[in-house]
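Work through the following exercises with the sequence and the coordinates side by side. Each task is followed by a solution that goes step by step.

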Amino acid sequence: MRLDKYLKVSRLVKRRTLAKEISDQGRVTINGNVAKAGTDVKVEDELVIRFGQKRVTVKVTGLSEHASKENAKNMYELIKEERVQPSAQSEEV
């Protein structure tokens, strides 16, 4: 499944266009590699997503083509959620 669609269906990001923008800006990594919107997501992949001053790490536990609250709950496992200082964030880029 494409990364942008996965982020939307799993409800990690509200809109697919926003998921595409975040991905294309290099703010998402899959297993440590920077990922673009069209990158394939597989079960057991580890995603790190930067939202402003927040970094969320999740493990993909399932894939589903259709969005529903039940499906979204089973699509990932939250590993870590942390705040990132603005100076540290600019050093990563």
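**Exercise 1. Determine in which element L47 lies, whether L47 is buried or exposed, and how far its C-alpha atom is from that of T57.**

Step 1: L47 lies in strand β3, where helices (H or I, at least four residues) and strands (E, at least two) are DSSP runs numbered from the N terminus.

Step 2: The model is predicted, so local features need pLDDT of at least 70 and side-chain atom pairs count only at pLDDT 80 or more, while totals for chains, interfaces and linings use all residues. Residues are numbered from 1 along each chain as its sequence is written, and side-chain values use heavy atoms, with hydrogens and water left out.

Step 3: L47 counts as buried because its relative accessibility is 0%, buried meaning under 20% relative accessible area, exposed over 50% and partly exposed in between (1.4 Å probe, protein chains only).

Step 4: T57 is ten residues from L47 along the chain, and the two C-alpha atoms are separated by 5.6 Å.

**Exercise 2. Place L12 and V43 in the chain, classify each by its accessibility, and find the C-alpha separations of L12 from I49 and of V43 from V60.**

Step 1: L12 is placed in the loop between α1 and α2, and L12 is buried because its relative accessible area is 16%.

Step 2: From L12 to I49 there are 37 residues along the chain, and their C-alpha atoms are separated by 9.2 Å.

Step 3: V43 belongs to the loop between β2 (33–34) and β3 (46–51), and with 41% relative accessibility V43 counts as partly exposed.

Step 4: V43 and V60, which are 17 residues apart in sequence, have C-alpha atoms 5.1 Å apart in space.

**Exercise 3. State the phi values of N31 and E44, and give the loop and the accessibility class of each residue.**

Step 1: For N31, phi is near 50°, which is a positive value in a residue other than glycine.

Step 2: N31 sits in the loop between β1 (28–30) and β2, and at 47% relative accessibility N31 counts as partly exposed.

Step 3: For E44, phi is near 85°, again a positive value in a residue other than glycine.

Step 4: The loop between β2 and β3 holds E44, which is exposed, with a relative accessible area of 51%.

**Exercise 4. Count the salt bridges, then locate the partners of K5, K20 and K54 and describe how each pair is placed in the chain.**

Step 1: A salt bridge is taken as a side-chain nitrogen of Lys or Arg within 4 Å of a carboxyl oxygen of Asp or Glu, and by this rule the count comes to seven.

Step 2: K5 pairs with E65, the closest N and O atoms being 2.9 Å apart. K5 lies in helix α1 and E65 in the loop between β4 (54–60) and α3 (69–73), so this salt bridge ties together parts that are 60 residues apart in sequence. K5 is partly exposed at 23% relative accessibility, and E65 is partly exposed with a relative accessible area of 48%.

Step 3: K20 pairs with D24, with 2.7 Å between the closest N and O atoms. Both residues, K20 and D24, lie in helix α2, four residues apart, or about one turn of the helix.

Step 4: K54 meets E81 through their side chains in a salt bridge of 3.3 Å, N to O. This pair links distant parts of the chain, with K54 in strand β4 and E81 in strand β5 (residues 76–83), 27 residues apart.

Step 5: A network of salt bridges also links R2, D4 and R16.

**Exercise 5. Identify which residues gather with R11 in a patch of positive charge, and state where R11 is found.**

Step 1: K8, R11, K69 and K73 gather in this patch on the surface. Patches are made of residues with over 30% relative accessible area and no salt bridge, like charges being joined within 9 Å and nonpolar side chains (Val, Leu, Ile, Met, Phe, Trp, Tyr) within 5 Å.

Step 2: R11 is found in the loop between α1 (3–9) and α2 (16–24), and at 45% relative accessibility R11 counts as partly exposed.

Notes. Areas by Shrake-Rupley, 256 points an atom, 1.4 Å probe, with all protein chains shown as cover. Lys, Arg positive; Asp, Glu negative; His and termini not counted. Charge placed at Lys NZ, Arg CZ, Asp CG, Glu CD.
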